[in-house]
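Student: I have a structure to go through before class. Can we look at it together?

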Amino acid sequence: MITLASDFGDHYPAAMRGVVHRADTDTDVVDVTHTLPRGDVRAGAFWLAFLLPEFPPAVHCCVVDPGVGTDRAALVVRAGEHALVGPDNGLLLPPARALADEGEVEVFRWRYDDPASATFHGRDVFAPAAVAVDEAGVDGVDGLERAVPAADHDPLTLPAPEIGDGGAAGEVLVVDGFGNCITNVPGTALPAVDTVAVNGQQVPVGRSFAAVEPGERLVTVGSHGNLECDVNDGRGEEAFALAPGDAVRFEW
Amino acid sequence: MITLASDFGDHYPAAMRGVVHRADTDTDVVDVTHTLPRGDVRAGAFWLAFLLPEFPPAVHCCVVDPGVGTDRAALVVRAGEHALVGPDNGLLLPPARALADEGEVEVFRWRYDDPASATFHGRDVFAPAAVAVDEAGVDGVDGLERAVPAADHDPLTLPAPEIGDGGAAGEVLVVDGFGNCITNVPGTALPAVDTVAVNGQQVPVGRSFAAVEPGERLVTVGSHGNLECDVNDGRGEEAFALAPGDAVRFEW
Amino acid sequence: MITLASDFGDHYPAAMRGVVHRADTDTDVVDVTHTLPRGDVRAGAFWLAFLLPEFPPAVHCCVVDPGVGTDRAALVVRAGEHALVGPDNGLLLPPARALADEGEVEVFRWRYDDPASATFHGRDVFAPAAVAVDEAGVDGVDGLERAVPAADHDPLTLPAPEIGDGGAAGEVLVVDGFGNCITNVPGTALPAVDTVAVNGQQVPVGRSFAAVEPGERLVTVGSHGNLECDVNDGRGEEAFALAPGDAVRFEW
């Protein structure tokens, strides 16, 4: 299986689909998402770390690539039975670590010469690389060159929160399509409390949106395991006045 | 075949795709749509009743679920050779009745314990249920419990129009992406007339958009069989000042 | 393989997917894109000419059809090993010529009677036609009638630029989702220069977006081979004040 993910939005993903279907292979081709926040490597890393572990072993072709056409490298990352292909900008390692233990994550450099374009490596570099890795396996691909091991090679991309006895200081990673503000604070840090202060304002803690009336705010542990600032049947990012990158202090 | 439909918009549908592909099965997995109007069970029921009959026999995993995480039940509905899986909130019965005669519609309760999340049953309850039904068939799944038969179990979700000799009183079910205002009045009610009054204003009746000049209003029978208030190459909801739920009186 | 492309946006593409999956065939079904600019035949022709050559031989079902329900014909176009199915409005020939040499492009008229709707020929005419062509091949389909050969049959849809020694006069074909203004001027016309005047304003020429600072304008040769007016990490259509159809004069 080859999966495709990008921030390309309309039209361009079809070129990647065409490239992988054009290869003489029977592999399944499945779209993950092509509306990753545009040019936002960290948001892309979050969503991929959340979504890819749902898939069976596959080659995941992942492209959020504001440095396309520069000398940034292309990577192939082995993550247990999975592999990831994409730009060397921090996008791939959070999902790799979500897919496999640290000891099973290995990073390789994918060499490429003269792609047909300097602006669409999703089509010209990464999709062909994904086909090659799918066909031969990471070990069978010629010319892969071991790169600095994952742990040192790249920042984690996703910032770590500060967690103390009385609360946690984190930040908003992404706002999802429902307006939920997903933070980097793990739900496991939250004790059994009925309310929590979010940047100084007391808000109920609920298991599900319906724990509060429509239009009311709540904090919940989302399906990714992190704390979210939400509104039942409304827009969390408006009610909490939060945006990606904003600091969030939880006190409990 | 398993089909997937939801109001999840970006990203989250990939988790459902992953779950069904992760199952050890060769079944085809096909997206219906993931941009059903958010939280609008009635609009979801309309679109699914319109779209699912185009598909071959399949297990349709359908999620518009504002009550996720509450005690609302999960259902499996047999509809002839098709099956539907989703929340017990009225979403499933209109498409079930569009897929099969009333006598072939049977409703079952799907029992689930402790899903991994209280906010993403698409991933944690309904997609696994769809896999189970696809693999074993409705009759082969353990633990399905006959629920109140379809006709009594649930309101129709979709409101019935009042149809008389001189016209019909209905409402707008949905506004589609083109701006067409799709009503609940069946086209079969419309006699052979050249114009019809829509909330008091005379409008031409046309077989296709091009029956009127660009920018002009018309009433047509849409591909779903219901009366629509449209503009050729324009936005019907603006020209008619109509929104989902608004009353529409047709006089002919 | 059957591919599907349209300007239908939400929901309606599922009906086409259902129709082709309902056919008793094992063929792969792949979406190209369903967000082609609405009713814009020329933009549709551009995107399809760009995207379809990435695919293996297939039957491409392409629908941008503002004249649906009128007497415009339905076409089947052979383009080498590929075939295209869609309305006779200029949409199909630019991609056909991108898929095959002129001598391998043949145009046929697809006869259809009484489709179930006058407003959704994607479902009722073109998807069934694509299934028939996929199953029997262009030569095996009954009732295809040779139409006027491609070269005379239809305008090119895509306007030709005027190219001279000192520059080129063209126009914006489409603005992509990144805000890049894609013109009809081929990149091969551009000599090796560092800057070019765009409607009188000097702008750097770069191989990739990162050739200029974020927020800065540049002209580049896009992955489709044409000149684009772009902004690195920004919106070209705003910075250049350009929209589809606008004239662009490049001077070098």
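Tutor: We will take the sheet of chain A and then some salt bridges; keep in mind that this is a predicted model.

Student: OK, in what order do the seven strands of chain A sit in the sheet?

Tutor: The order is 2-1-3-5-4-6-7, in an open sheet with mixed pairing. Strand 2 (29-33) and strand 7 (145-146) of chain A are the edge strands, and each pairs on one side only.

Student: How do strand 4 and strand 5 of chain A run, parallel or antiparallel?

Tutor: Antiparallel, with six bridges joining residues 74-79 to residues 82-87 of chain A. Within that pair, A:V76 stands opposite A:V85.

Student: And which strands does helix 4 of chain A lie across?

Tutor: Helix 4 (residues 121-136) of chain A lies across strands 1, 3, 4, 5 and 6 of chain A, at about 170° to strand 3.

Student: New topic. How many salt bridges are there over all chains?

Tutor: The count is 36. One of them pairs B:R123 with A:E54, with the closest N and O atoms 3.5 Å apart. B:R123 lies in helix 4 of chain B and A:E54 in a loop of chain A, so this pair joins two chains.

Student: Is A:E54 buried or exposed?

Tutor: Buried, because its relative accessibility is 12%, under the 20% cut-off. B:R123 is also buried, at 8%.

Student: What about A:R111, which partner does its side chain meet?

Tutor: A:R111 meets A:E145 in a salt bridge, 2.8 Å from N to O. The two residues are 34 residues apart in the chain. A:R111 counts as partly exposed at 47% relative accessibility, and A:E145 counts as partly exposed at 36%.

Key:
Residues are numbered from 1 along each chain as its sequence is written. Chains are lettered from A and ligands numbered from 1 in the order in which they are written. This is a predicted model: local features need pLDDT of at least 70, side-chain atom pairs count only at pLDDT 80 or more; totals for chains, interfaces and linings use all residues. Side-chain values use heavy atoms; hydrogens and water are left out. Two strands pair if DSSP finds at least two bridges between them. Helices (H or I, at least four residues) and strands (E, at least two) are DSSP runs, numbered from the N terminus. Contact means heavy atoms within 4.5 Å. Axes are lines fitted to C-alpha atoms, for helices over the stretch in contact, and angles run from 0 to 180 degrees between N-to-C directions. A salt bridge is a side-chain nitrogen of Lys or Arg within 4 Å of a carboxyl oxygen of Asp or Glu. Buried means under 20% relative accessible area, exposed over 50%, partly exposed in between (1.4 Å probe, protein chains only).
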